[in-house]
Protein chains: 2
Amino acid sequence: MNKVGYIQFKPILGDQNANIMQIEKLLGKALGSELIVFPELANSGYNFASRNDAVMYSEEISKSIFVEFLVSSAKKYNTNIVCGVNERVGEKLFNTTVLVGPNGYIGKYQKIHLFLNEKDIFETGSVGLPVFDIGFCKTSMLICFDYLFPEVWRIVGMNGADIVCHPSNLITTNAQKCVPAQAFMNKMFVITANRYGTESDITFSGNSFITNPDAIIIDKASPDSDAVYIIDIDIAEARNKMVTSRNHVFNDRKPDVYLGLT
Amino acid sequence: MNKVGYIQFKPILGDQNANIMQIEKLLGKALGSELIVFPELANSGYNFASRNDAVMYSEEISKSIFVEFLVSSAKKYNTNIVCGVNERVGEKLFNTTVLVGPNGYIGKYQKIHLFLNEKDIFETGSVGLPVFDIGFCKTSMLICFDYLFPEVWRIVGMNGADIVCHPSNLITTNAQKCVPAQAFMNKMFVITANRYGTESDITFSGNSFITNPDAIIIDKASPDSDAVYIIDIDIAEARNKMVTSRNHVFNDRKPDVYLGLT
C-alpha cells in the first residue's frame, strides 16, 4: 500500500508569499504521504484582472522561488508533490503543473484545454502528455478542464499512468460526472485537488476527490474550507487492466475502426 | 419535443417466434414513440450452448423473418425501431442491431467490442460506426460492452449523432458508471435498452436507462421485469455543443496532441 492524497486550500490572488506560507502550514498535516497534489495556479491565484497581472504573478520555472520552495518541501517531507504554477516562458504564459520529489525537480505539464478567458492569457500546452516514473508508481498530470476530453485520459493511461494528478480550479461539480468514467475505462487512480474561495466574480467549488480504478469516488473535502486528505491505495489495482477474464481495457481496442478520430 | 424510449424484456433463448410475440405485445404499449430501442440479440437470446446453436438461431438480414416483422411493426406504429439481431453473413455471425422506420429497413451496426465468450461466436463488426438521419434526429448504435471504449462515443458524436441507441445484454451496472460521462463529454442522448432474466449461468441486470446530454440518468426500469418507457426529449439539447460561452466539446479538441491515440 502507498499513501497518496491532496491538499485543498484557497490561494490568495497575486500573493505568492502568502500562498507559500499556507502550503507550508498544510504540508505539515500530510506527514507520511508519498504523493500529494495541490490545486491549479497555487502560486498566483486564478482570476487575474488583466493579462498584465497574470504576467506579473508568473515565474520562469528555472528561476522560480515557488518551485524552489516545493523542491525543498519535497525533500523535507520525503514526498512527491504536484502543484499548479503560473509559468512564464519568454513572453508566453502557461497554466502549468510541476512534479517534484525528494531528489528535486522531476518535470512539468502545461494545460492543453483552456477554459473560458484563460484563452486570452495562456498558450496551449507545448509539452504533450508526459508520464513520470516516481518509483512506487507512474504518474501523469492533467489540469482542471482537461477532464472533459477523453482523449487525454486514454493517452496517459495507455502510456502507463497508474495515478493521474488533477490539480484544478473547478467552479462546478461537472468533473464528478466525467472523471470516474475515465478512471474506470482506463483503470487508473485520479486525484482531483481543487481550490475553494471567491475571486471577484468566480467562486471555486472545493469538493476535492479521489477516484479509484473501479470508478468509486472518495469524497471527503468540503466545498469551502481547507482539506488535507491522505489515503492508502494499492497500485496493483491500476495495473490490472482486465475487466473480465478475456477483456482488457487497452488490448480490446480496435484502432482500425477508430481511424480518423484524431 | 420528440418521444423516444426503450422496451426492456426477456428474450427466450432460441425461440424467435416467442420473442416476436412478446415484442408485438409490448410495442402496443409504446404508442406515439418516434424511436424505440430494444435489447441486444432480441431475436435469439444470448447464452448459446455452442457456436452451432448460435448459428441455428441466426438469420441473414435480407431473408430475416424477424427483421421483416420489425419493419412491418415500424410501419404499423409509424415509428423507428432499433433492435438487436443475431446476424448470419455466409459462414460468419455478427452481433448486430438494425434500424428500421416507417418506410422500411434503414441500416445496421455490428458490435465492435466483443465481451467474454462472444469472441468464440461472433466476428468483430465490419460496418464501422454509421450515423443515420431519421428526420427528427441523427442516431447511431452501439451495443452493450462497446460502452467501455470512449473512442466509439467520440466518433459517433463528432459524426453528428444526437441520440445513441444502446441495445444491451448487460450483467452488471458498470455501464451506469461510464455512459453518463460519454453523454456529457459529447453532448448526446443515450438510450440503454437492457434485457433481464437468467440463461443458465448468466443473469442479466435490467435497469434500462436513458441519459441526457447533461449526464442525468433517467432510471425507471426494474432489474427483473418488463418495462416500456417513453419520454419527451428536446433534440436541441444535443445540438448545443458549447459547455461555456467559449468552450465547444469538439472544437476545443487538440488533435495535434492526440496523435498516436489510434
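What follows is a look at how chain A and chain B fit together in this predicted model.

Start with the symmetry. Turning chain B by 180 degrees, with 0.0 Å of shift along the axis, lays it on chain A with an RMSD of 0.0 Å. The two copies are thus related as by a two-fold rotation axis. The contact surfaces tell a matching story: 100% of the interface residues of chain B are also interface residues in chain A, so the copies meet through the same surface.

Next comes the extent of the contact. On the chain B side, 44 residues are in contact with 44 residues of chain A. Between them, the two chains bury about 4200 Å², and 65% of that area is on carbon and sulfur atoms.

There is also plenty to list on the polar side. The interface of chain B and chain A holds 10 salt bridges. One of the charged pairs is E151(A) with R154(B), a salt bridge whose closest N and O atoms are 2.7 Å apart. Polar contacts across the interface come to 20 residue pairs, with both residues at pLDDT 80 or more.

As for which parts of chain B do the touching, the elements that give two or more residues to the side facing chain A are α4 (150-158), α5 (175-186), β15 (242-244) and α7 (255-258) of chain B. Sorted by residue type, the side of chain B that touches chain A has 25 nonpolar, 9 polar and 10 charged residues.

Technical notes
Residues are numbered from 1 along each chain as its sequence is written. Chains are lettered from A and ligands numbered from 1 in the order in which they are written. This is a predicted model: local features need pLDDT of at least 70, side-chain atom pairs count only at pLDDT 80 or more; totals for chains, interfaces and linings use all residues. Side-chain values use heavy atoms; hydrogens and water are left out. Copies are superposed by least squares on the C-alpha atoms of residues with pLDDT of at least 70 in both. Contact means heavy atoms within 4.5 Å. Buried area is the accessible area (1.4 Å probe) that two parts lose on being put together, summed over both. A salt bridge is a side-chain nitrogen of Lys or Arg within 4 Å of a carboxyl oxygen of Asp or Glu. A polar contact is a pair of N or O atoms within 3.5 Å; within protein, one must be able to donate a hydrogen and the other to accept it, and residues adjacent in sequence count only if both atoms are side-chain atoms. Helices (H or I, at least four residues) and strands (E, at least two) are DSSP runs, numbered from the N terminus. Ala, Val, Leu, Ile, Met, Phe, Trp, Tyr, Cys and Pro count as nonpolar, Asp, Glu, Lys and Arg as charged, and the others, Gly among them, as polar.
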